[in-house]
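Work through the exercises below with the structure open. Try each task before reading its solution.

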Amino acid sequence: MSFTPVAIFFGAIFTGNILLSNYLGMCSFLSVSKEIKTSTGLGAAVIFVMAVTTMLNWIVYHYLLIPFHLEYLRFIVFIVVIAAFVQLVEMIIERVSEGLYAALGIFLPLITVNCAILGVSLFMVIRSYTLAESFFFGLGSGVGWFLAIIAMAGIRKKMVGAKIPKGLEGPGITLIIAGMMALAFMGFSGMINIS
Amino acid sequence: MFSVSEFLISVGIITALTAILAIILVVADAFIANYGECKISINGKKDLTVKGGRSLLLTLMDEEIFIPSACGGRGSCGLCKVKVASGAGQYLPTELPWISKEEQAENVRLSCQLKVKTDMSITIPEELFSVRRFKTKVESIKDLTHDIKEVRFRLQQPDSIEYKAGQFVQIQVPEYKLSSEQVFRAYSMSSVPSDTGVIELEIRLVPEGICTTWVHQFLKEGEEVTINGPYGDFYLRDTERDIICIAGGSGNAPIKSILLDMAEKGNPRKVSYFYGARTKADLVLPDEMAAIEEKLPNYKYIPVLSQPVEDDNWEGETGWVTDAVTKFMKDGDNTEAYLCGSPGMIDACVKVLTEKGVPEELIFYDKFA
């Protein structure tokens, strides 16, 4: 079955949301979703890094790893490429725009080892996407992650005054909410199935 | 089958890839992250010319100006605040949790998060100029309880320190098994200020703690350690009020220093010292702390055990340290309090003390998380 890049893009946002259907990228999702403003910064950083690193990793995979039969090394190679890219981008942002650094750059080190970002690169291999498809898959996954964390931050903001059983405060209730959000997103899964 | 040439190719490819990425980063670091020389003007008096690109905290440290920081620059203690009049740019999200609205209006910044990128002008408390870096030698290490050690450092260069009883210093922990970079950790001094050639600390082993593990398992007598200080506003205020001291664990250190200092100076104020521990074996220097009663006429030492074991034959106070405070303390109006211990203990004590009428601004504490 083949999909157009546009279908993959929307599929990655809604039906195959990397966070809510694969539960990847949980640690930063749980710890940074307390405020909408910081969530937006982190989410934007994730969109950017996912879209670009998925393409970079596609190029490295198809032009370096496959010709030399080194596919089995993709885990380590992908993470190295992601880490190097993130560092470089952080340096550039810090140099050129103070506002952008304060809003977005500061989150970059946080997502170097975000498993959702590695996950997207690995799914791209498993699902044999082309370069364009990979880009849209990365972009869509990023947007999906962004939406999920913004929604979570909004819900947590509303919950500030709520009476939550002592044992469930913090990560406990957040995981339960994430579970309910995942159920809601499952409603989309009949529309396009990209996994 | 996996042949040798295939093996070499794979090693070669990976090495080449990582080398290329590393070279790109090194080049980028040299060009993009190179901010050249910057001028820092401190309190309008002192001008420094430094290399830009690092955090203000570390940059100042290289210039022998030490801003207090308990976490060593990870942005998790919020102590290293500095007023920056110009050259700082906007607030970073990592600073905001520590900076109040009033402080924002005064341009107070967290120096460990702020990088030096242009010329800056900053204001720091005058006394920080007196903070020094000391080369010391470990004179003795003694077990006080099963998990607290008393370490005495003999000062080498400079060979004497001036401080107020109750203040703290920072130890520089070198790279070792548990830590790939040097870190700084803060500890209160338990020595008496009149003993100017020595810094004495009481250090409790925290499982997996970078500094405490190093001190407990790796540090030997005769080794050289770098310490900087003194810091902090935890010292005895010069008033006529009664004093209540409450501590737990290694929180005994600054209180011991304050009490011994009072005894030396013949301070006539009334002092009660509550020390909370689990069993008798967990009491830090019980005899020595009780013996101060002979030198300090208005002083009373009240150890409190939460879980005395049968062998302890304990006849003193039991329960939480706050229970004993409630029991012994009548009216807090004419009292000021000095607390040192875990955040949980401090919060509980502040609650009890304010209920007893101790004014909140006269409750002083060092919280060691």
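## Exercise 1: A surface patch

Val4(B) is exposed, with a relative accessible area of 62%. The model is a predicted one.

**Task.** Find the element that holds Val4(B), and state which residues form a nonpolar patch with Val4(B).

**Solution.**
1. Place the residue. Val4(B) sits in helix α1 of chain B, residues 4–31.
2. Check its exposure. The cut-off for exposed is over 50%. Val4(B) has 62%, so it counts as exposed.
3. List the partners. Phe7(B), Leu8(B) and Val11(B) join Val4(B) in the nonpolar surface patch.
4. Add the area. Together the four residues offer about 390 Å² of accessible area.

## Exercise 2: The six-stranded sheet

**Task.** Give the strand order of the open sheet of 6 strands in chain B. Which strands stand at its edges?

**Solution.**
1. Write the order. It is β9-β8-β11-β6-β7-β10 (chain B), with antiparallel pairing.
2. Read off the edges. β9 (183–188) and β10 (198–204) of chain B each have a single partner strand, so one side of each lacks a neighbour in the sheet.
3. Note the twist. From one strand to the next it averages 40°.
4. Add the helices. Helix α4 of chain B (residues 210–218) packs on the sheet and touches β7, β8, β9, β10 and β11 of chain B. Its direction makes about 75° with that of β8(B). Helix α5 of chain B (residues 252–265) lies across β7, β9 and β10 of chain B, at about 145° to β10(B).

## Exercise 3: Partners of β6

**Task.** How many bridges join β6(B) to β7(B), and how many pair β6(B) with β11(B)?

**Solution.**
1. Start with β7. 8 bridges join β6(B) to β7(B) (residues 148–157), and the two run antiparallel. Val138(B) faces Phe153(B) across this pair.
2. Trace the connection. A hairpin of 4 residues links β6(B) to β7(B).
3. Turn to β11. β6 (residues 132–143) and β11 (residues 224–231) of chain B pair antiparallel over 6 bridges. Here Arg132(B) stands opposite Gly229(B).
4. Go one strand on. β8(B) (residues 168–173) joins β11(B) through 3 bridges, also antiparallel. Ile171(B) is opposite Ile227(B).

## Exercise 4: Salt bridges from β6

**Task.** Which residue meets Arg133(B) in a salt bridge, and why does the pair tie together parts that are apart in sequence?

**Solution.**
1. Find the partner. Glu64(B) meets Arg133(B), at 2.7 Å from N to O.
2. Locate both ends. Arg133(B) is in strand β6 of chain B and Glu64(B) is in the loop between α2 (56–62) and β3 of chain B, so the pair ties together parts 69 residues apart in sequence.
3. Check exposure. Arg133(B) is partly exposed at 26%, and Glu64(B) is partly exposed at 41%.

**Task.** Is Arg152(B), the salt-bridge partner of Glu139(B), buried or exposed?

**Solution.**
1. Confirm the bridge. Glu139(B) and Arg152(B) meet at 3.4 Å, N to O. Glu139(B) lies in β6 and Arg152(B) in β7 of chain B, so the bridge ties parts 13 residues apart in sequence.
2. Apply the cut-off. Buried means under 20%. Arg152(B) has 18%, so it counts as buried. Glu139(B), with 34%, is partly exposed.
3. Try another pair. Lys142(B) and Glu150(B) meet at 3.6 Å, N to O. Lys142(B) is partly exposed at 42%, while Glu150(B) is buried at 5%.
4. Widen the view. These four residues belong to a network of salt bridges that also includes Arg154(B), Asp195(B), Glu200(B), Lys256(B) and Glu288(B).

Terms used
Residues are numbered from 1 along each chain as its sequence is written. Chains are lettered from A and ligands numbered from 1 in the order in which they are written. This is a predicted model: local features need pLDDT of at least 70, side-chain atom pairs count only at pLDDT 80 or more; totals for chains, interfaces and linings use all residues. Side-chain values use heavy atoms; hydrogens and water are left out. Two strands pair if DSSP finds at least two bridges between them. Axes are lines fitted to C-alpha atoms, for helices over the stretch in contact, and angles run from 0 to 180 degrees between N-to-C directions. Contact means heavy atoms within 4.5 Å. Patches are made of residues with over 30% relative accessible area and no salt bridge: like charges are joined within 9 Å, nonpolar side chains (Val, Leu, Ile, Met, Phe, Trp, Tyr) within 5 Å. Accessible areas come from the Shrake-Rupley method with a 1.4 Å probe; for residues, only the protein chains shown count as cover. A salt bridge is a side-chain nitrogen of Lys or Arg within 4 Å of a carboxyl oxygen of Asp or Glu. Buried means under 20% relative accessible area, exposed over 50%, partly exposed in between (1.4 Å probe, protein chains only).
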